[in-house]
Amino acid sequence: MSQYSWPDPATRPLLGKSISRVDGPSKSSGRAKYTYDYNPQGLLAGKILRCPYAHARITSIDTGAAEKMPGVKAVVIIQKPGTEIFWAGDEIVGVAAVDEGTAEDALRAIKVEYEVLPHFVSDAEPPKNIAADTGPVSSEGFQDMEENQVPDEEVIARIEKTGISFKPEEKDYESMKGMGVDPSVIAALRKAKFVPAPATEKSPYKKTGLQTTGTPDKAFSSAAAVVEGVYGVPCIVHCCLESHGSASEWNGDKELVVHISTQNVSGIAAQMAEPLNVPAGNINVLQQNVGGGFGSKFSADRWDINTANLSKAAGGKPVKNLLDRRAEFEVAGMRPSAYARVKIAADKDGKLVAWDSRSWGTGGVGGGGTPPLPYIFEVPNQRKQNTAISTNQGSARAWRAPNHPQAAVITMGAIEDLAAKMNMDPLEFISRNLDIAGPRAQTYREELAIADEMMGWKKNWHQRGDKTPGNIKRGLGLSMHAWGGRGHNSDCDLTIHPDGSVEIKMGTQDLGTGARTIITIVAADTLGIPMSNVTLLYGNNRYPQSGGSGGSTTSGGVTSSTRRAAVDARDQLFAKVAPALKAKPEELEAVDATVRVKGDPNRSLAWKEACAKIGAMPLTVRGKNPDKEKPPDLTNSGVGGVQMADVSVDIETGIVRVNKMVAVQDCGLVVDVKTASSQVYGALIMGISYALYEEKILDPVSGRVLNPNLEFYRLAGLSDIGELQVHMMTGKGYDERGVIGLAEPPVVSPGASISNAVANAIGVRVPFLPLTPDRVLMALEDADGAHG
Amino acid sequence: MKDDDARKPEAASGVSRRDFMKISAVTAAVPLVLGSKVVEAAGEDVTVHGPGKVPVALNVNGKKLSADLEPRVTLLDALREQFDLTGAKRVCDRGACGACTVLLDGKPVYACSVLAIDAQGAKITTIEALAEGDALSPVMQAFVAHDAQQCGFCTPGFVVAATHFLQQHPKPSAEEIRHGLSGNYCRCGTYDGIRAVAMAHAGGKQP
């Protein structure tokens with residue numbers, strides 16, 4: 001039986017080292033091609049006319065003038081008169097023309113009339129006394145739960161309890177499978193009882209039932225310390241630098257080639273097949289590079305279907321439409337808001353005893369995700385309730401670690417406030433509660449000690465409120481986080497050619513995470529050859545399927561399938577080479593670009609010579625993940641991380657600056673220290689950005705986004721980030737767990753740790769992110785008022 | 001400013017509403033491609049381009065490139081769509097993010113905010129010309145070595161900006177780096193690597 005397990009640390013020429021990404025040269029030289037760069041002869045520009053109202057019904061559409069304009073090649077109505085529109089920016093009519101300017105002129109010539117309907121865009125605290133929602137799960141509600149990655153058990157429990165108000169068909173199940181919905185959830189849907197939706201469902205508020213564990217009232221009344229606070233995070237936008245979109249081109253009316261900016265190369269065709277009425281097998285999906293996804297690019301969207309329809313209407317000519325920046329802000333996804341009023345209590349030893357939260361938030365028309373509260377800590381006595389608010393704005397999509405950053409801000413903020421009330425160092429407070437911190441408690445303990453050292457926490461931490469004179473107040477804050485990250489389903493074909501070259505085909509994608517690099521590392525490490533010998537062909541749905549890149553599932557999936565394929569290919573090669581070396585196959589090893597007898601370097605063949613023994617036909621094997629026939633499990637689930645922030649706050653201007661952040665992160669076996677560390681650095685920077693600057697602002701009057709651009713929707717720049725330090729947990733206790741994904745976890749804690757550091761600096765809690773000067777000054781003023 | 005007729009600013013501020021109508025009427029009747037026209041507006045001769053296509057000649061990466069373009073076409077769109085120089089990216093399309101940075105007479109500009117017609121006569125350098133044949137420039141090599149890139153969409157703009165910045169500041173201080181490389185946004189969060197590129201340069205380290 002072949003040994004598939006990850007090699008011993010002593011025999012890893014490449015695995016676990018610090019290696020530059022293989023696609024680095026093509027990216028830094030500008031040669032890397034993205035969907036947006038697809039530019040064939042005769043390309044037509046696609047553009048979409050969008051609804052200017054947040055809630056309306058289309059009464060009429062007149063495209064006559066646009067169709068007659070020179071240079072306009074196709075006009076396709078997306079939503080017909082009579083359709084109710086639920087958010088500003090929704091797609092109405094698509095146009096393809098010889099260039100973008102002509103397409104834009106054509107949009108201006110289209111006349112659409114609307115009956116404007118009342119809209120609702122506020123995610124302020126819901127009124128009291130809303131009845132809890134006990135009705136069936138609607139189609140939108142289900143989609144919302146899936147997009148927000150609500151745990152499968154929770155989804156199934158809800159479906160079983162209340163039934164569903166929609167009737168999925170076989171094709172819907174297929175499409176769900178393509179989107180990565182778990183088979184157990186699909187099975188629950190199949191068994192669910194149909195319950196018609198209640199007719200009087202006009203309130204924007206959906207309140208879940210009160211969930212109670214233990215005896216919270218009793219625990220609060222006998223607690224040594226209780227604090228109450230309000231915490232929250234507004235809606236923010238993914239801001240992928242390459243906007244969403246695709247280019248489509250028909251060959252006849254039954255074969256379609258789609259270049260699309262996606263996180264889900266293998267899953268797109270199934271989603272396009274039905275609306276375009278073409279077999280999924282006739283759709284070739286291609287993508288070499290993607291300019292950011294962050295959770296927002298799993299689907300073939302309505303605009304992508306429109307692009308394909310425009311191409312068809314234009315006689316099959318290639319049409320490309322990538323969203324403009326305003327549309328990207330209005331319709332291409334956001335992270336749901338989450339706010340909560342929290343009451344939290346501890347006993348005299350600083351052990352958490354009770355939690356009470358009333359949370360609310362919006363994720364667009366479908367409502368909002370439920371943050372997992374309290375985060376990390378299994379507080380023994382709990383009462384919690386969440387209200388999802390339906391608002392007239394484009395729907396939420398998964399945003400790195402869905403619901404976790406919000407839950408961390410709310411929970412870690414409340415814990416920090418409680419520790420402050422007890423005059424305790426939060427590092428000490430958290431250490432005392434690690435026994436209720438779930439399965440990764442020991443990891444947290446080790447990470448907290450390392451982070452303490454890196455930050456100089458014990459040396460520099462002070463009680464709440466920096467007492468040094470002057471305007472600049474400095475403070476420290478910390479947070480921690482958890483994530484699953486088990487590898488997804490992944491197939492690959494690995495070929496060793498008789499000339500010694502190696503080729504891998506896999507229907508995956510690299511979002512800039514380093515997927516391409518770690519696949520290459522694993523293959524080269526296993527075969528004992530330089531990485532330059534390995535060619536990775538990917539970004540094509542005609543290659544063996546690999547899952548969508550979401551939920552930190554890619555690293556574990558693609559490395560596991562590659563490892564199994566490389567081990568099998570290597571062992572088959574050994575069988576061919578063994579006679580020439582007068583040895584048994586199991587006595588051979590592949591190292592230093594040779595195949596040789598273990599312990600006898602004289603009986604050796606150069607890699608190329610060894611491969612010549614394969615014969616005339618190349619040797620191809622299929623690697624899979626998971627693969628119960630080929631144990632052990634090479635991936636795992638469950639990581640922990642700790643972050644600390646050091647900030648300075650100017651209490652006259654309210655400006656917050658991050659001086660330093662440290663991140664200590666576990667992700668099982670680290671394949672490439674360099675790209676893994678980059679993920680964590682990137683997460684810290686994205687975290688600083690949403691902690692201090694980012695907010696999607698909706699105008700209550702017009703219902704439109706007020707800052708759908710990069711001047712007024714601020715992202716962190718290079719001058720905003722302070723000193724950053726990253727430590728990856730490696731070695732014993734981590735390595736042997738296998739490869740676990742890393743994209744989500746480190747982005748969870750920056751908001752919470754920075755918010756806590758600001759509270760530690762200025763002595764009061766700024767309740768809501770982003771921690772903008774106005775919010776900081778308001779919190780200081782409120783505190784002054786309370787004391788004066 | 002160079003003494004080049006094509007780049008002289010037009011005295012367009014004197015065009016009255018009625019004159020403008022007159023100009024529009026003239027151009028509506030003309031063929032698709034047309035050179036500029038001189039019309040009398042508010043007592044002065046005014047050169048008017050478009051709105052139809054006009055011939056535009058650009059000096060890009062040392063080559064003379066020409067195309068018939070509407071005057072509203074930006075330098076960025078001309079480079080990408082006409083000449084297939086796709087290294088510069090359109091992200092914000094309004095001069096905020098730097099993903100479209102190119103050099104105009106040696107100075108970094110946001111190509112989304114320059115009209116192609118206005119870039120005539122200038123020496124335009126794009127990311128494609130910064131690589132030395134197939135070999136990477138030292139700054140590009142440093143971006144690889146310090147992993148100053150993830151999805152890579154902002155990277156070409158950043159490399160152009162960093163190349164110019166490091167030419168101007170061969171030994172930049174931390175403060176100069178903070179200030180000098182703040183004109184580009186990255187969403188994946190590669191600033192730490194980009195900062196390391198500049199700091200290594202300051203320390204005289206070659207990648």
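This report walks through parts of a predicted model with chains A and B.

**How chain A is split up**

Let's start with the domains. Chain A is divided into three: domain 1 covers 9-32 + 487-625, domain 2 covers 35-119 + 238-331, and domain 3 covers 416-484 + 636-787. Each of them is written as two stretches of the chain. If you take the C-alpha centres of domain 2 and domain 3 of chain A, they sit 39 Å apart. These two domains do touch: 10 residues from domain 2 of chain A and eight residues from domain 3 of chain A take part in the contact. On the domain 2 side, five of the residues are nonpolar, two are polar and three are charged.

**An open sheet in chain A**

Now look for four strands of chain A lined up as β17-β25-β26-β27; together they make an open sheet with mixed pairing. Which strands stand at the edges? They are β17 (472-483) and β27 (723-729) of chain A, and each has a single partner strand, so one side of each has no neighbour in the sheet. On average, neighbouring strands here are turned by 10° against each other, ignoring direction.

Zoom in on one pair from this sheet. Strand β26 (residues 656-666) of chain A runs parallel to β27(A), and seven bridges connect them. One pairing you can look up is V664(A), whose bridge partner in β27(A) is H727(A).

Helices lie across this sheet too. Helix α19 (residues 673-692) of chain A crosses β26 and β27 of chain A, at about 135° to β27(A). Helix α20 (residues 750-762) of chain A lies across β17, β25 (639-650) and β26 of chain A, and its angle to β17(A) is about 150°.

**A buried strand: β14**

Next up is strand β14 (residues 338-346) of chain A. Seven of its nine residues are buried, so the rest of the structure largely encloses this strand. What does β14(A) pair with? Strand β9 (residues 225-233) of chain A is one partner, and strand β15 (residues 352-362) of chain A is another. Here are the two pairings side by side.

| Strand pair | Direction | Bridges |
|---|---|---|
| β9(A) and β14(A) | antiparallel | nine bridges |
| β14(A) and β15(A) | antiparallel | eight bridges |

To find these pairings in the model, try a residue from each. V226(A) has A345(A) of β14(A) as its bridge partner, while A340(A) is matched with S359(A) in β15(A). The strands β14(A) and β15(A) form a hairpin with five residues between them, and G350(A) takes a positive phi near 80° there.

**Chain B and its contact with chain A**

Over to chain B, which has seven helices and seven strands. Follow its sequence and you'll meet them in the order α-β-β-β-β-α-β-β-β-α-α-α-α-α. Of its 207 residues, 46% count as buried. Among contacts in chain B with a separation of 6 or more, 56% come from residues 24 or more positions apart.

How many residues does each chain bring to the contact between A and B? Chain B brings 47 residues and chain A brings 45 residues. In chain B, α3 (127-130), α4 (138-145), α5 (155-168), α6 (174-180) and α7 (191-202) each supply at least two residues of the side that touches chain A. The one that gives the most is α7(B), with five residues. Sorted by class, this side of chain B has 23 nonpolar, 11 polar and 13 charged residues.

Definitions and conventions. Residues are numbered from 1 along each chain as its sequence is written. Chains are lettered from A and ligands numbered from 1 in the order in which they are written. This is a predicted model: local features need pLDDT of at least 70, side-chain atom pairs count only at pLDDT 80 or more; totals for chains, interfaces and linings use all residues. Two strands pair if DSSP finds at least two bridges between them. Axes are lines fitted to C-alpha atoms, for helices over the stretch in contact, and angles run from 0 to 180 degrees between N-to-C directions. Two residues are in contact if their C-beta atoms, placed from the backbone, lie within 7 Å. Ala, Val, Leu, Ile, Met, Phe, Trp, Tyr, Cys and Pro count as nonpolar, Asp, Glu, Lys and Arg as charged, and the others, Gly among them, as polar. Domain bounds come from an automatic or database domain assignment. A residue is buried if 20 or more other C-beta atoms lie within 10 Å of its own, exposed if 12 or fewer, and partly exposed in between; C-beta atoms are placed from the backbone.
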